[in-house]
Amino acid sequence: MALVGQATAQVAGHLTSQLAILPLIQLMEKQYSTDPEMVEFLGIFRESFHAIHETVQQLRRIVRFESLDAPAGPVSLAESIRELTHFLRFQKNFPWSYVRLDLRTNPIAHTTRMKVHHILVNLLYNAADAIAGNPDGTIIVRTSIDGGMAKVTVEDNGRGIPSDDLDRIWEPSFTTKSEPNHGLGLHLVRQFVTSDGGSVSCTSTPGVKTVFTVRMPMTPSLLEQLGSDPDDLDAALSGGTSGRRLFTRASRLR
């Protein structure tokens, strides 16, 4: 993972160096503003520039040298999932066109971004394997809040998991795949989720659908962090040191 991170960081660096062409595009737009054909060409160049710029930003957000043992903190689940799925679009072996996102709710989980990515990568690739060969296959990723917990579900309409295997899928050596596989994916998913006080479960109806549900503790709200003491709230509103820190953290999550 470290080597992949370094390689991706280098790619991002090379792409960034190519973005220096923007001032030249701007200069040419002014110089050839009366040439409709040139203006059209330069517009295409500018659109390509912005597409590359967005890709670089996504790569930078994905490749963060963050340890899985890093302290848990506030993580926007919707933002993390968008980052990951944007990255998966470039994976030739992942059926991105079959994925549907429902991220209208954006719970802030108390975990790390790296854990969220690891969890979702495993669940999404499992779902992709389940719908392989199904022209009507669909993978749905939803975020919500359930009982005060941040909730993510990954649902697919693939072949499903037999009821006798549902309790065994979390075992480190168990796999339902026919090809050689070490079966560690779901075992690691459970470890990552439970390490932050969350839970993961699975329900499946063979031939109909399978749903993996991940629940994670949510980051306390600003008022919960301040407590119920009116003096604490007054200090925050008046710009006290602790209040500024809390409001700064809150603003970063929006």
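This note walks through a predicted model of one protein chain, from its overall make-up to two helix pairs and three single residues.

1. **Overall make-up.** The protein chain has nine helices and seven strands. It runs to 254 residues, and 36% of them are buried. The exposed surface comes to about 14,700 Å². Carbon and sulfur atoms supply 55% of that area.

2. **Reach of the contacts.** Take the contacts between residues at least 6 apart in sequence. Of these, 68% join residues at least 24 apart. Several of the points below give single cases of residues brought together from separate parts of the chain, among them Val152 and Ala78, 74 residues apart.

3. **Helices α5 and α6: geometry.** Helix α5 covers residues 113-130, and helix α6 covers residues 185-194. Their axes come within 9 Å and cross at roughly 150 degrees. An angle over 145 degrees counts as roughly antiparallel, and α5 and α6 are therefore roughly antiparallel to each other. Their crossing is left-handed.

4. **Helices α5 and α6: residues.** From α5, the contact takes in Lys115, His118, Ile119, Asn122, Leu123 and Asn126. From α6 come Gly185, Leu186, Val189, Phe192 and Val193. By class, six of the contact residues are nonpolar, four are polar and one is charged.

5. **Helices α4 and α5: geometry.** Helix α4 spans residues 77-88. Its axis lies 10 Å from that of α5, and the two pack at an angle of about 55 degrees. That makes α4 oblique to α5. The crossing of α4 and α5 is right-handed, whereas that of α5 and α6 is left-handed.

6. **Helices α4 and α5: residues.** On the α4 side, the contact residues are Leu77, Glu79, Ser80, Ile81, Glu83, Leu84, Thr85 and Leu88. On the α5 side they are Arg113, Val116, His117, Leu120, Val121, Leu124 and Tyr125. The contact has nine nonpolar, three polar and three charged residues.

7. **Glu79.** This residue lies in helix α4 and is one of those that meet α5. Its relative accessibility is 31%. Buried means under 20% and exposed means over 50%, so Glu79 counts as partly exposed. Glu79 and Leu103 are 24 residues apart along the chain, and their C-alpha atoms are separated by 8.8 Å.

8. **Val152.** Strand β5, residues 149-156, holds Val152. The relative accessible area of Val152 is 5%, and the residue is buried. What surrounds Val152? Leaving out residues up to four places away in sequence, Val152 touches Leu77, Ile81, Leu120, Val141, Arg142, Thr143, Phe212, Thr213 and Val214. Leu77 and Ile81 also belong to the α4 side of the contact with α5, and Leu120 to the α5 side. The C-alpha atoms of Val152 and Ala78 are separated by 9.4 Å, with their positions 74 residues apart along the chain.

9. **Asp136.** The loop between α5 and β4 (139-146) contains Asp136. Is Asp136 buried or exposed? Asp136 is exposed, with a relative accessible area of 58%. From C-alpha to C-alpha, Asp136 and Gly158 are 9.3 Å apart in space. In sequence, Asp136 and Gly158 are 22 residues apart.

Terms used
Residues numbered from 1 in each chain as written. Predicted model: local features only at pLDDT ≥ 70, side-chain atom pairs only at ≥ 80, totals over all residues. Heavy atoms only, no water. Helix = DSSP H or I, 4+ residues; strand = E, 2+ residues; numbered from the N terminus. Buried < 20%, exposed > 50% of the residue type's maximum accessible area, 1.4 Å probe, protein only. Contact = heavy atoms within 4.5 Å. Areas by Shrake-Rupley, 256 points an atom, 1.4 Å probe, with all protein chains shown as cover. Axes fitted to C-alpha atoms, helices over the stretch in contact; angles between N-to-C directions. Parallel < 35°, antiparallel > 145°, perpendicular 65-115°, else oblique. Left-handed = near helix turned anticlockwise from the far one by under 90°. Nonpolar A, V, L, I, M, F, W, Y, C, P; charged D, E, K, R; others polar.
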